[in-house]
Each structure stands twice: as C-alpha cells, then as structure tokens.
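Hi there,

Here is the structure I promised to pass on. My notes follow below it.

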Amino acid sequence: MPPLISHRRLLEPRSFADALKMLRDEGPLVPMAGCTDLYVSLNFGTLKDTRFLNLWRLAALRTIDVRGDLLFIGALATHTDLVRSPIVRKRLPMLASAAREVGGVQIQNRGTIGGNVANASPAGDTLPVLSAADAVVVLKRAGETRRVPFTMFYTGYRETVRRPDELIVAFEIPAIRGKQCFRKVGTRAAQAISKVVMAAIVGDRPRIALGSVGPTVVRATRTEAALAAGASVEEAQRTLLAEIAPIDDIRSTAEYRRRVAANLLALFWNGGARR
Ligand SMILES: Cc1cc2nc3c(=O)[nH]c(=O)nc-3n(C[C@H](O)[C@H](O)[C@H](O)COP(=O)(O)OP(=O)(O)OC[C@H]3O[C@@H](n4cnc5c(N)ncnc54)[C@H](O)[C@@H]3O)c2cc1C
C-alpha cells in the first residue's frame with residue numbers, strides 16, 4: 001500500500017542554494033525532477049519515502065552550453081530540450097537520438113537527463129551515450145562539488161555513488177572525434193523499454209557502451225581495445241560476445257540480446273548506422 005497522500009511532504013526550494021540547504025538540514029529527502037519515474041513507483045506503492053524535494057523550478061539546472069572544450073548539460077534538461085538543442089545536435093548527436101527515443105512526447109517533455117541517470121535503470125536510453133562519450137557527472141552538496149567519471153557512477157544494479165545529500169547538477173562531456181552511433185532495439189519505436197541499447201564512437205579511439213545487457217550500463221573495453229589494435233569486425237564481435245553477460249527476463253532472452261549486440265557492432269563499424 002502506498003502511504004496516504006496526506007502523509008507526503010513536498011519541499012519547494014526557491015533557488016539551487018536553497019535546495020542544497022534543505023537537503024543538508026531537512027533530509028533525508030527524495031529529489032524530484034520531472035517525476036516520470038517517481039510517479040510510477042509512487043503509484044505502484046514501491047516507494048515508501050514520504051518527503052520530496054521539488055527541483056523542477058530550478059532553471060539554473062537546465063542550462064545547456066559549451067564551457068571551454070566541454071559540452072555542459074544541466075541535470076534538469078528535459079529530453080525535449082536535448083532533442084531541440086542545436087549545441088547537442090552538433091556536438092553530441094547520439095544524445096539527441098537517444099532522447100528522441102525516450103517514451104513518447106509527454107515523457108520527453110517532463111523527463112530529465114538527470115532523472116534518467118539517477119534512476120539508474122540499466123535500460124535508461126541516455127546512459128550508454130554518456131558512458132561512450134566519457135562524460136563526467138557533476139555532483140553537489142552544501143559546500144562541496146565533486147566530479148565522478150560516468151563509468152564509475154554505478155556500483156551495482158540501481159546503485160550509484162551519489163550520497164543522499166547530493167544532487168546531480170550537470171554532465172560535462174569532452175569534445176568527440178569520430179562518428180557517433182546510437183541504436184535502441186525495443187518492441188516498438190515509442191513507449192518501449194529497450195531490449196538492447198548501444199552507443200558507440202567509431203574512430204581512432206573506439207568506444208562502445210551498452211544498456212540492458214547487464215545490471216548496469218557497461219563499457220565494452222576489451223572490444224574497444226581489440227578494434228583499436230586492428231581486429232576485424234568479426235573478431236570484435238567474438239570479443240563482445242565474450243565480454244557481455246545479458247540475462248533472460250520478461251523483455252527478452254539472453255541469446256537474442258547477444259545476437260542483437262553483435263549485429264549492432266557490425267552495423268556501426270560497417271557504416272550502416274544512423275546517428
Ligand atoms: C510511460 C513511460 C515511458 C518511459 N520510457 C522510457 C524510455 O523509453 N527510455 C528511458 O530511458 N526511460 C523511460 N522512462 C523512464 C523516465 O521517463 C526517464 O528515466 C526520465 O528521464 C526520468 O526523468 P525524471 O526527471 O522524470 O526523473 P524523476 O522521476 O523525477 O526521478 C527519477 C529518479 O532520479 C532521482 N533524481 C532526479 N533528478 C535528480 C537529480 N538532479 N539529482 C539526484 N537525483 C535525482 C529521483 O530522486 C528519482 O530517484 C519512461 C517512463 C514512463 C512513465
């Protein structure tokens with residue numbers, strides 16, 4: 001049974017500094033961004049927490065810009081913001097492709113990149129992109145900022161290094177050389193959770209990240225190294241199959257996921273993938 005609505009409390013910070021203070025002084029609080037994931041768990045009664053911190057109005061966390069050589073994406077940028085941003089489309093087109101495939105239009109209008117990452121589902125569509133792009137997660141709590149490489153952010157199934165009094169404030173993404181590829185394979189084009197999702201950079205320094213093939217998003221570092229050393233696509237496919245360990249679940253079988261992952265690798269490296 002979900003807690004009664006009258007037992008829930010929503011704190012409304014007026015500024016980002018206010019939000020950090022509330023987390024420090026009035027925690028534990030569950031950060032709430034677009035609420036598209038939270039609402040589902042509230043509705044199913046799987047979320048027992050009763051005290052929430054509403055981030056939605058904190059416009060300072062919605063910025064998308066270029067700082068020095070880094071693409072800077074605020075945690076509250078919605079999937080629609082990502083799709084529409086000329087900067088994202090130019091510098092990180094695979095992220096715009098991923099955002100375009102999240103849910104449907106309503107979910108894209110409310111769902112945020114910070115929420116997608118913090119929710120920590122291994123099927124989150126933006127996660128392989130951030131992983132392949134060597135993004136850095138910027139976390140803040142009152143008086144402290146820290147930067148965590150995206151590849152070290154997840155510690156296990158739905159577990160992250162984020163501390164309870166920290167907010168994800170942004171993602172910093174270095175400039176990328178090479179062709180960016182993204183592909184989500186699900187039951188249908190919209191409103192479907194992925195069976196396999198893959199992002200890659202095809203170039204001098206190959207980078208490959210996959211979702212839905214393990215408890216967290218994974219970087220296929222052995223396959224990357226094989227390709228960098230001049231392995232053929234067929235050899236790289238064999239390395240990839242030895243490197244991932246997907247499971248059977250209600251959405252797909254492990255065998256199907258393995259075949260799709262290998263096929264996507266060939267598609268990307270043979271030049272057939274759309275961005
Ligand atoms: C119908 C439907 C379809 C969907 N389809 C897809 C899909 O195709 N692909 C996909 O990847 N996802 C999908 N989702 C999941 C969801 O929409 C996304 O994960 C979305 O990006 C979540 O963002 P949000 O802002 O709504 O997060 P919220 O629901 O507000 O929060 C999610 C989690 O993140 C935490 N959080 C949020 N922001 C921060 C922050 N800045 N700092 C720290 N913690 C934070 C919250 O405490 C919570 O634990 C779907 C959801 C629904 C309901």
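To begin with a small puzzle: does Ser85 count as buried or exposed? With a relative accessibility of 9%, Ser85 counts as buried (buried is under 20% relative accessible area, exposed over 50%, partly exposed in between, with a 1.4 Å probe and protein chains only).

Before the rest, some housekeeping. This is a predicted model, in which local features need pLDDT of at least 70 and side-chain atom pairs count only at pLDDT 80 or more, while totals for chains, interfaces and linings use all residues. Residues are numbered from 1 along each chain as its sequence is written, and side-chain values use heavy atoms, with hydrogens and water left out.

Back to Ser85: this residue sits in the loop between α3 (79-84) and α4 (86-91). Helices (H or I, at least four residues) and strands (E, at least two) are DSSP runs, numbered from the N terminus. A polar atom of the Ser85 side chain lies 3.0 Å from the backbone nitrogen of Val88. That is a polar contact (a pair of N or O atoms within 3.5 Å; within protein, one must be able to donate a hydrogen and the other to accept it, and residues adjacent in sequence count only if both atoms are side-chain atoms).

The ligand will probably interest you. Around the ligand there are 32 residues, of which Pro31, Gly34, Thr36, Asp37 and Thr112 come nearest (a residue is near if one of its heavy atoms lies within 4 Å). Oxygen atoms of the ligand have several partners: a backbone N or O atom of Pro31 at 2.5 Å, a polar side-chain atom of His79 at 2.8 Å, and a polar side-chain atom of Asn116 at 2.8 Å. The protein buries 87% of the 980 Å² that the ligand exposes when taken alone (Shrake-Rupley areas, 1.4 Å probe). At least two shell residues come from each of β2 (30-32), α2 (36-44), α6 (105-110), α7 (113-119) and β10 (167-174).

Next, helix α9 (residues 221-228). Its buried residues are Thr223, Glu224, Ala226 and Leu227. They lie on the same side of α9, because they cover an arc of only 165° around the axis (taken from the directions from the helix axis to the C-beta atoms). These buried residues of α9 pack against β13 (207-211), β14 (218-219), α10 (233-243) and α11 (254-269), where contact means heavy atoms within 4.5 Å. After α9 comes Gly230, with a positive phi near 100°.

Best wishes
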